[in-house]
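Grab the sequence and the model, and let's work through a few exercises together. Try each task yourself before reading its solution.

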Amino acid sequence: KFHLLVDRLEKDFGPDHKVVHYIGAVLPQSATIMDTFTISDLRKEDVAKQFGTISTLYIPPRDERSVNSSMAEAFGSSTAPARPNTSVKWAGPKLNIVSAIHPHEREVTAQIDTHVAPEGHKKLHTSAAMKKFMIDLSLKPKFLEEYKLNPVAAVEAAEGLSDLEKFGLKIARDGPVDALMKATESDIASGRQLTEEEVVKANGPLGFLLIMGVVVAGIVVALEGVPATDEKKD
């Protein structure tokens, strides 16, 4: 539950401590997001809904470490680069060195060859022309700039795109493009195509479950499968 994370952060850092919600651009049509909130803001429903599968929450240190003044003087200036006072000892729990791969990860890895995707799973499935267009956007900054300035002209100049692919690319949002590049096994087998309405309404690659990286003063903690908001069950 997302509120459990907020409870712990509020306990350790206080409700007014500022944190940064970061989402890096996944597709050329995506935008990098960096929003600053207080920990108490994370309890607001409209804020919690902004977190998704590609979210990172950066939590700056609560307290500044003391500076080794003698080291600063050794550099000849109080404004020169100074190292933290190494006499300050870690007061938290003892850190245990553990294997990077846990038994659960080993078990999952061993089942990859026989894994069957769940019903409704969407995998990468698109035309060669669509792949080329997206790769060019990713690797050619000038082409990306031209596309952002005039997506219609850039799309019409491309060869091999279907009418539906052109329609989605002209919208110039990550949601429609993400939808056009994925399909379920049943849709692939039946040849079903998305409608223009489905393309327009498609959301970006955030998803509904929160698999969030939490960065606390340089330490990365993974929290998997945490719902973005609390759901009450009858």
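A salt bridge here is a side-chain nitrogen of Lys or Arg within 4 Å of a carboxyl oxygen of Asp or Glu. One caution before we start: this is a predicted model, where local features need pLDDT of at least 70 and side-chain atom pairs count only at pLDDT 80 or more, while totals for chains, interfaces and linings use all residues. Residues are numbered from 1 along each chain as its sequence is written, and side-chain values use heavy atoms, with hydrogens and water left out.

**Exercise 1. Look into the salt bridges of the model.**

Step 1: start with the total, which is 15 salt bridges.

Step 2: pick out Arg-192 and Asp-187, whose side chains meet at 3.8 Å, N to O. Arg-192 is partly exposed at 39% relative accessibility; buried means under 20% relative accessible area, exposed over 50%, and partly exposed in between (1.4 Å probe, protein chains only).

Step 3: move on to Glu-156 and Lys-170, which form a salt bridge at 2.4 Å, N to O. This one links distant parts of the chain, with Glu-156 in helix α7 and Lys-170 in helix α8, 14 residues apart. Helices (H or I, at least four residues) and strands (E, at least two) are DSSP runs, numbered from the N terminus. Glu-156 is partly exposed at 42%, and Lys-170 is partly exposed at 27%.

Step 4: now try a pair within one helix. Glu-197 and Lys-201 bridge at 2.9 Å, N to O, and both sit in α11 (residues 196-201), four residues apart, about one turn of the helix. Glu-197 is exposed at 51%, and so is Lys-201 at 58%.

Step 5: finish with a network, where salt bridges that share partners tie together Asp-7, Glu-10 and Arg-43.

**Exercise 2. Which residues touch the most other members of the largest nonpolar core?**

Step 1: get the term straight. A nonpolar core is a set of buried Ala, Val, Leu, Ile, Met, Phe, Trp, Tyr and Cys residues joined through side-chain atoms within 4.5 Å.

Step 2: among the 18 residues of this core, the answer is Phe-133, Tyr-147 and Leu-169. At least two core residues come from each of α5 (128-139), α6 (141-149), α7 (151-157), α8 (163-171) and α9 (174-180). The largest share, five residues, is from α5.

Step 3: zoom in on Phe-133. Beyond its neighbours within four places in sequence, its contacts (heavy atoms within 4.5 Å) are Phe-143, Tyr-147, Ala-154, Val-155, Ala-158, Leu-161 and Leu-169.

Step 4: don't miss the other core, which lies apart from this one and has 14 residues, including Phe-2, Phe-37, Ala-48 and Ile-59.

**Exercise 3. Work out the two sides of α6.**

Step 1: find Phe-143, Leu-144 and Tyr-147, which are buried in α6. Down the helix axis, the buried residues of α6 fall within an arc of 100° (taken over the directions from the axis to the C-beta atoms), so they line one face.

Step 2: flip to the face turned away, and you get the exposed Pro-141, Lys-142, Lys-148 and Leu-149.

Step 3: ask what covers the buried side; α5, α7 and α8 are among the elements that do.

**Exercise 4. Sort the residues of strand β3 (residues 56-59) by face.**

Step 1: recall that in a regular strand the side chains alternate between the two faces of the sheet.

Step 2: put Leu-57 and Ile-59 on the covered face, and Thr-56 and Tyr-58 on the uncovered one.
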